[in-house]
Amino acid sequence: MIRRFLYFLFFLLWLIVMAFPITAFTLATNGELQLGGDQRHLRLFMVQEDQNQGVGIQWTRPQRGDLPCLKTNLTYLMWSGEGQGTTFCQCFDPQTNAPLAANSCTP
């Protein structure tokens with residue numbers, strides 16, 4: 001049983017190692033990679049400016065509450081320059097699905 005578990009862990013590690021070059025190639029050619037739909041997604045994108053270069057990671061997911069809201073975390077992995085991550089939330093009107101002016105989720 002332990003041997004099967006170790007084989008499974010080795011297989012998962014091998015899949016992660018093999019996925020890295022594919023992800024890097026996709027980012028280099030397209031500039032971004034999005035996994036998921038409109039409401040819940042993970043987006044990787046390239047940051048290519050004069051003094052800042054790296055990869056941005058955006059994770060958006062629904063937030064619980066009375067109004068339909070989307071919470072987004074934004075993180076930067078920079079190899080040149082600095083990037084400051086942030087978290088924000090956007091709520092929508094339930095009837096018209098238009099974004100509301102307030103930019104914070106209700107707890």
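Here are some notes on the fold, the strand pairing and the disulfide of this predicted model.

1. Overall layout. The protein chain has 1 helix and 5 strands, and along the sequence they come in the order α-β-β-β-β-β. In other words, the helix leads and the strands follow.

2. Dimensions. If you expect a neat ball, check the numbers: a compact globule of 107 residues would have a radius of gyration near 13 Å, whereas the protein chain comes out at 18 Å. The C-alpha trace spans about 55 × 45 × 20 Å along its principal axes.

3. Burial and surface. Just 19% of the 107 residues in the protein chain count as buried. The exposed area is about 8500 Å², with carbon and sulfur atoms supplying 60% of it. As for contacts, take those between residues at least 6 apart in sequence: 21% of them join residues at least 24 apart.

4. The helix. Does the length of helix 1 add up, or is it off? Helix 1 covers residues 2–30, and at 1.5 Å a residue its 29 residues should span 42 Å; the end C-alpha atoms are 42 Å apart, so the two figures agree. Right after helix 1 comes G31, with a positive phi near 90°.

5. Strands 3 and 4. Strand 3 (residues 53–63) pairs with strand 4 in the antiparallel sense, over 11 bridges. For a landmark in the viewer, look for Q53, which sits opposite S80 of strand 4. The two strands make a hairpin with 5 residues between them, and G65 in that turn has a positive phi of about 155°.

6. Strands 4 and 5. Strand 4 also runs antiparallel to strand 5, joined to it by 6 bridges. Here T72 has F88 of strand 5 as its bridge partner. This pair is a hairpin too, again with 5 residues in between, and G81 in the turn has a positive phi of about 90°.

7. The disulfide. How many disulfides does a search of the whole structure find? The count is 1. The bond joins C69 and C91, with their sulfur atoms 2.1 Å apart. C69 lies in strand 4 (residues 69–80) and C91 in strand 5 (residues 86–91), so to speak linking distant parts of the chain, 22 residues apart. The torsion about the S-S bond is about 100°, so this disulfide is right-handed. Are the two cysteines buried or exposed? Both C69 and C91 are buried.

Note on methods. Residues are numbered from 1 along each chain as its sequence is written. This is a predicted model: local features need pLDDT of at least 70, side-chain atom pairs count only at pLDDT 80 or more; totals for chains, interfaces and linings use all residues. Side-chain values use heavy atoms; hydrogens and water are left out. A disulfide is a pair of cysteine sulfur atoms within 2.5 Å. Helices (H or I, at least four residues) and strands (E, at least two) are DSSP runs, numbered from the N terminus. Buried means under 20% relative accessible area, exposed over 50%, partly exposed in between (1.4 Å probe, protein chains only). The expected span of a helix is 1.5 Å times one less than its number of residues. The radius of gyration is taken over C-alpha atoms; the globule rule is 2.2 Å times the number of residues to the power 0.38. Contact means heavy atoms within 4.5 Å. Accessible areas come from the Shrake-Rupley method with a 1.4 Å probe; for residues, only the protein chains shown count as cover. Two strands pair if DSSP finds at least two bridges between them.
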